[in-house]
Amino acid sequence: MLTRATIDRVVSAALDEDAPWGDLTSETLIPEDATARAELVARVDGVFSGAAVFAAAFTLTDPSTTVEQRVADGARFSPGDTLAVVTGPARAVLTAERIGLNFVQRMSGIATLTGRYVAEVAHTGARIVDTRKTTPGLRAIERQAVRDGGGHNHRFSLSDAVMAKDNHLAVLTANGLSVTQALESAIARLPHTTHVEVEVDRLEQIDAVLAAGVGTIMLDNFSLDDLRTGVARVAGAAQVEASGGVTLDTVRAIAETGVDVISVGALTHSASSLDLGLDIRIETA
């Protein structure tokens, strides 16, 4: 989950990058005692995400700044809707403006794209999940946006679960063991709570992997016919995940093959930032 500590760390780093020695423009042009009211306004339709991150940009810049959220994370909005209202010292509001917008535009873009994928498979039992194809350092924030869009998260990091791909299996079987034997030997060394997933790219690999007792089998870049065959062959003995080249044009048909999970790298690596604006009114004494 996205913790307060993570938000503060990521947003503080962004603020330090953007104004390492202060905001020269605001400090030169804006009176010290000026105040500002700023409205976060939607220019397009979308799904909102990033309330806490947006607020942190302003409160970390100046704790006297207040942010009133008008829309909750996960809520849909329309052009012209006011999503949040910021009030506080004008210099602080102007300093934090771009960082706050960068985060909320990015997160809302991910949430909106995720919502479109989720809607495509809503009539099936398939779950839309993200991948590790996230912006370095921003994974927790981007994955929160996926959840706000109605999607789910895959393993957070390499430390969370075993996920064996073709290169892993090649190393495991190099000493002459079968795939089943190699996986069974590896699984025996794991705590009983550790989830194990194995990727296959051909139908004939499924039986050997299934015999090892893994929790999830990933069918990578399978055709629709092969996905249906793979689901039937697994027959509920493990979760079935479809992966590889999933798009909005193909995700419905993939879900209708009966897979349990569809992993979509595009949720985070191809989402566009939404057009949100911060309309600021500055008042001087």
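In this predicted model, the largest pocket holds about 360 Å³ of space. Its lining takes in 22 residues, and the ones closest to the pocket centre are Thr131, Lys133, Ser243, Ser263 and Gly265. As for secondary structure, the elements that give two or more residues to this lining are β9 (216-220), β10 (239-243) and α11 (266-269). Sorted by character, the lining of the largest pocket comes out as 9 charged, 8 polar and 5 nonpolar residues.

Next comes the second largest pocket, with about 250 Å³ of space. Here 15 residues make up the lining, and His154, Glu197, Thr216, Gln239 and Val261 sit nearest the centre. At least two lining residues come from each of β6 (127-129), β7 (162-164) and β10. Strand β10 therefore turns up again, since it is also among the elements that give two or more residues to the lining of the largest pocket. The lining of the second largest pocket splits into 5 nonpolar, 5 polar and 5 charged residues.

Turning to helix packing, helix α1 (residues 4-18) has contacts with two helices worth describing. One of these partners is helix α3 (residues 51-61): the axes of α1 and α3 come within 9 Å and cross at roughly 60 degrees. Angles from 65 to 115 degrees would count as roughly perpendicular and those under 35 as roughly parallel, so α1 and α3 end up oblique to each other. Their crossing is right-handed. On the α1 side, the contact uses Arg4, Ile7, Asp8, Val11, Ser12 and Leu15, while α3 brings Ala52, Val53, Ala56, Ala57, Leu60 and Thr61. Broken down by type, the residues of this contact are 8 nonpolar, 2 polar and 2 charged.

The other partner is helix α4 (residues 90-120), which packs against α1 at an angle of about 130 degrees, the two axes lying 10 Å apart. That angle makes α1 oblique to α4, because only values over 145 degrees count as roughly antiparallel. The crossing of α1 and α4 is right-handed. From α1, the residues involved are Val10, Val11, Ala14, Leu15 and Asp18, and they meet Thr95, Ala96, Arg98, Ile99 and Phe103 of α4. This contact between α1 and α4 contains 7 nonpolar residues, 1 polar and 2 charged. Val11 and Leu15 of α1 appear in the contact with α3 and in the contact with α4 as well.

Methods: Residues are numbered from 1 along each chain as its sequence is written. This is a predicted model: local features need pLDDT of at least 70, side-chain atom pairs count only at pLDDT 80 or more; totals for chains, interfaces and linings use all residues. Side-chain values use heavy atoms; hydrogens and water are left out. Axes are lines fitted to C-alpha atoms, for helices over the stretch in contact, and angles run from 0 to 180 degrees between N-to-C directions. Helices (H or I, at least four residues) and strands (E, at least two) are DSSP runs, numbered from the N terminus. A crossing is left-handed if the near helix is turned anticlockwise from the far one by less than a right angle, and right-handed if clockwise. Contact means heavy atoms within 4.5 Å. Ala, Val, Leu, Ile, Met, Phe, Trp, Tyr, Cys and Pro count as nonpolar, Asp, Glu, Lys and Arg as charged, and the others, Gly among them, as polar. On a 1 Å grid over the protein atoms alone, a cavity is a set of points where a 1.4 Å probe fits but cannot get out, and a pocket is an open set with protein on both sides within 12 Å along at least five of seven lines; lining residues have an atom within 4 Å of a point. Grid points are joined across faces, edges and corners, and a volume is the space filled by probe spheres set on the points.
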